[in-house]
Amino acid sequence: MIVSRREALLGRVLLLVLMAVTIVPFISLFVTALHPGGTYPQGITWPAQPQWGNFARAFEAAQMGKLLGSTLLIELGVVPAALLFATMAGFALGQLRIRGHRVLLVLFLLGLTLPFEGVVIPLYYQVREMGLLGTRWAIVLPLLGLYMPFAVVWMRAHFATVPAELSEAARVDGAGLWQLFWRIHVPLARPALASLGILLFLWTWNQFLLAIVMVDDPTRRTMAGALGAFQGQYGTDIPLLCAGSLLILAPTLLVFFIFQRQFAAALLAGAVKG
């Protein structure tokens with residue numbers, strides 16, 4: 001594709017503007033976190049004496065060691081199960097074409113339009129009736145259900161692009177249904193699984209509203225959910241609050257930077273196949 005010099009320049013300027021809009025808030029958050037506690041910094045101004053100890057104070061004040069353990073338990077309860085259920089459902093809808101697969105696909109697509117905030121209150125009463133309120137299961141089980149529409153549609157889009165001749169050849173060689181699924185299609189779905197796993201990890205880590213509503217104990221919430229209690233306790237100490245926010249954001253940024261190639265590869269593969 002031939003791109004004129006003017007179009008290339010315009011594209012670069014647009015990218016620089018988008019980068020600035022994305023990066024400047026993080027720079028402001030980082031600089032503010034280095035100011036002395038109890039101060040109210042104005043704008044992006046580097047402090048005369050950076051208070052690097054604010055990060056250690058925020059880590060201890062927010063009990064982030066316990067929060068990290070709680071968040072990892074929730075991640076282990078949500079991400080592997082969601083990947084397994086979504087892969088099996090996507091395989092059934094996209095490759096096996098089970099009876100009524102079009103109707104089921106429409107139902108999952110309708111699930112994508114359901115606003116998350118609109119189901120929090122019904123979920124609260126349902127979880128309370130199950131006796132799980134205040135436990136990590138009150139976060140894990142609703143998240144599994146809320147993630148299913150997107151996850152199933154994502155995996156179904158991958159399996160629908162796999163040639164049917166591949167399955168037919170495997171069946172001729174004597175492969176059963178489970179062998180066809182585990183040995184043929186799941187290995188081919190690794191890029192889609194990797195990108196979906198990254199998305200589910202990030203969404204679960206940053207889950208705020210559900211953790212606040214379902215669990216009273218901040219140490220049993222996700223990292224982002226515990227930020228609400230931290231803000232209520234240290235809301236007047238802006239630098240400490242910014243330091244705590246950066247500590248919560250750091251793992252998600254690290255995960256994305258490590259797996260960004262796999263994520264981009266899965267998106268590009270889906271675009272080429274489509």
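**Entry 1: S167**

I looked up S167 first and found S167 in helix α7, residues 164-172. Helices here are DSSP runs of H or I with at least four residues, strands are runs of E with at least two, and both are numbered from the N terminus. The model is a predicted one, where local features need pLDDT of at least 70, side-chain atom pairs count only at pLDDT 80 or more, and totals for chains, interfaces and linings use all residues. Residues are numbered from 1 along each chain as its sequence is written, and side-chain values use heavy atoms, with hydrogens and water left out.

Is S167 buried or exposed? S167 is buried, at a relative accessible area of 7%. Buried means under 20% relative accessible area, exposed means over 50%, and partly exposed lies in between, with a 1.4 Å probe and protein chains only.

Next I checked the polar contacts of S167. The side chain of S167 makes one with the side chain of Q95, at 3.0 Å. The side chain of S167 also makes one with the side chain of H185, at 2.8 Å. A polar contact is a pair of N or O atoms within 3.5 Å; within protein, one must be able to donate a hydrogen and the other to accept it, and residues adjacent in sequence count only if both atoms are side-chain atoms.

I then listed the contacts of S167, leaving aside neighbours within four places in sequence: Q95, L180 and H185. Contact means heavy atoms within 4.5 Å.

**Entry 2: H185**

I followed the contact to H185, which is found in helix α8. H185 counts as buried, at 0% relative accessibility. Which residues does H185 touch, not counting those up to four places away in sequence? I noted F91, Q95, F159, V162, S167 and L180.

**Entry 3: α3 against α8**

Two packed helices are described by the angle between their axes and the distance between the axes. I looked up both for helix α3 (residues 64-96) and helix α8 (residues 177-188): the angle is about 105° and the axes are 12 Å apart. That makes α3 roughly perpendicular to α8. Axes are lines fitted to C-alpha atoms, for helices over the stretch in contact, and angles run from 0 to 180 degrees between N-to-C directions. Angles under 35 degrees count as roughly parallel, over 145 as roughly antiparallel, 65 to 115 as roughly perpendicular, and the rest as oblique.

On the α3 side, I found L84, T87, M88, F91, Q95 and L96 in the contact. On the α8 side are L177, W178, L180, F181, W182, H185 and V186. By class, I have 10 nonpolar, 3 polar and no charged residues for this contact. Ala, Val, Leu, Ile, Met, Phe, Trp, Tyr, Cys and Pro count as nonpolar, Asp, Glu, Lys and Arg as charged, and the others, Gly among them, as polar.

**Entry 4: R97**

I moved on to R97, in the loop between α3 and α4. Phi of R97 is near 50°, a positive value in a residue other than glycine. Most residues other than glycine have a negative phi. R97 is partly exposed, with a relative accessible area of 42%.

**Entry 5: V106 and L112**

Both of my next two residues sit in α4. V106 lies in helix α4, residues 101-112, and L112 lies in helix α4 too. V106 counts as partly exposed, at 46% relative accessibility. L112 is partly exposed, with a relative accessible area of 40%.

How many residues apart in sequence are V106 and V153? They are 47 residues apart, yet 9.8 Å apart in space, C-alpha to C-alpha. L112 and L146 are 34 residues apart in sequence and 8.8 Å apart in space, C-alpha to C-alpha. Beyond residues up to four places away in sequence, I found L112 touching P149, F150 and V153.

**Entry 6: α6 against α9**

I checked helix α6 (residues 137-161) and helix α9 (residues 190-205): their axes come within 11 Å and cross at roughly 160°. That makes α6 roughly antiparallel to α9.

From α6, I noted L143, Y147, F150, A151, W154, M155 and H158. They meet A192, L193, S195, L196, L199, L200, W203 and T204 in α9. The residues of this contact divide into 12 nonpolar, 3 polar and no charged.

**Entry 7: the whole chain**

Last, I looked at the protein chain, which has 12 helices and 0 strands. Of its 274 residues, 36% count as buried. The C-alpha atoms fill a box of roughly 75 × 65 × 30 Å, taken along the principal axes. Among contacts with a separation of 6 or more, residues 24 or more positions apart account for 72%.
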